[in-house]
Amino acid sequence: MKKAILIIFSLFALLIIVLFIGTKQYSRKLDNTLFKKEEEINPVWKNLLHLTNMRMSVINDLYKKHNCDNNNHIKTIDSIILEKKSSEDYMKKNFHPLELKANTILLGLYNCKKANEIQIDSLLKPYNDSLNIKIKLYNSLVDDYNNDIFKFPNTFFIDYEKHKSKRFMRIDYSNNLENEVKKQSEIENWIETGELR
């Protein structure tokens, strides 16, 4: 009888050890997979920020070139570019509001009497097209990464201090600017207040 209890206890202890080792290995493998996926996302993210700054610089130059009432806007443009050089966490939360500000400034440029909307659009088109391509790539990489985070049984093995879900980019640079600004304003208002306008 004692021998049978000892065998059962030994098997139970062995099962616990095997489960513990298996859990650790699965967790380590998942951790490595997520780090590799982040390594794919980060350069796309940085490139996206760089492109938005380049676009912002073009808008800044256009304000100066067309002699628009730009004192207020130039300060805002400079602050947007400066903020985009802030920490990763800050930018992940504030990318959309900063791009909304940039697009609102661009709308002001369209309303400047000396500005030619067609010329502005043609100058910004390469940036807008590149940004749309980068956003699609970024969103597909983020979708894959987020799926790994929320997939069962991964949720039990993830260290949420190291790996957090990432926000999708919801800006369409090919969209009509007024419609895009309106859409982004509504989204940001909903995020801040929980109310749809």
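**Entry 1: K37 and D148**

I started with K37 and D148, and both turn out to be buried. I was working from a predicted model, so every value here is computed from that model. The two residues form a salt bridge, with their closest N and O atoms 2.6 Å apart. I then looked up where they sit: K37 belongs to helix 1, which covers residues 2-65, and D148 belongs to helix 4, so the pair links distant parts of the chain, 111 residues apart.

**Entry 2: K166 and E38**

Next I went to K166, which I found in the loop between helix 4 (117-150) and helix 5 (177-193). Is K166 buried or exposed? It is buried: its relative accessible area is 13%, and the cut-off for buried is under 20%.

I asked myself which side chain K166 meets in a salt bridge. The partner is E38, at 3.4 Å from N to O. The K166 and E38 side chains are also listed as joined by a polar contact of 3.4 Å. Both K166 and E38 are buried.

I also noted the rest of the company K166 keeps. Setting aside neighbours within four places in sequence, K166 touches E38, I41, Y138, V142, Y145 and N146.

**Entry 3: E99 and R55, and the salt-bridge count**

My third pair was E99 and R55, whose side chains meet in a salt bridge of 3.9 Å, N to O. This pair, too, links distant parts of the chain: E99 lies in helix 3 (residues 88-110) and R55 in helix 1, 44 residues apart. E99 is buried, and R55 is buried as well. Just after that I noted a network: K37, D144 and D148 are joined by salt bridges that share partners.

How many salt bridges does the whole structure hold? My search of the whole structure gave 5.

**Entry 4: L131**

I wanted a nonpolar residue for the notebook too, and picked L131 in helix 4. L131 has a relative accessible area of 0%, so I wrote it down as buried. Beyond its neighbours within four places in sequence, L131 is in contact with L48, L51, T52, R55 and Y173. R55 is thus a name I met twice, here as a contact of L131 and earlier as the salt-bridge partner of E99. I also checked L131 against L49: they are 82 residues apart in sequence, and their C-alpha atoms are 9.2 Å apart in space.

**Entry 5: a patch on the surface**

Then I turned to the outside. Which residues form a nonpolar patch on the surface? I found I17, F20 and I21, with about 310 Å² of accessible area together. I17 is in helix 1. I17 counts as partly exposed because its relative accessibility is 47%, and partly exposed runs between 20% and 50%.

**Entry 6: the whole protein**

Last, I stepped back to the overall picture. The protein has 5 helices and 0 strands, and its elements run α-α-α-α-α from the N terminus on. Of the 197 residues in the protein, 37% are buried. Among contacts with a separation of 6 or more, 72% are between residues 24 or more positions apart. The accessible surface comes to about 12,700 Å², and carbon and sulfur atoms account for 58% of that surface.

Definitions and conventions
Residues are numbered from 1 along each chain as its sequence is written. This is a predicted model: local features need pLDDT of at least 70, side-chain atom pairs count only at pLDDT 80 or more; totals for chains, interfaces and linings use all residues. Side-chain values use heavy atoms; hydrogens and water are left out. Helices (H or I, at least four residues) and strands (E, at least two) are DSSP runs, numbered from the N terminus. Buried means under 20% relative accessible area, exposed over 50%, partly exposed in between (1.4 Å probe, protein chains only). A polar contact is a pair of N or O atoms within 3.5 Å; within protein, one must be able to donate a hydrogen and the other to accept it, and residues adjacent in sequence count only if both atoms are side-chain atoms. Contact means heavy atoms within 4.5 Å. A salt bridge is a side-chain nitrogen of Lys or Arg within 4 Å of a carboxyl oxygen of Asp or Glu. Patches are made of residues with over 30% relative accessible area and no salt bridge: like charges are joined within 9 Å, nonpolar side chains (Val, Leu, Ile, Met, Phe, Trp, Tyr) within 5 Å. Accessible areas come from the Shrake-Rupley method with a 1.4 Å probe; for residues, only the protein chains shown count as cover.
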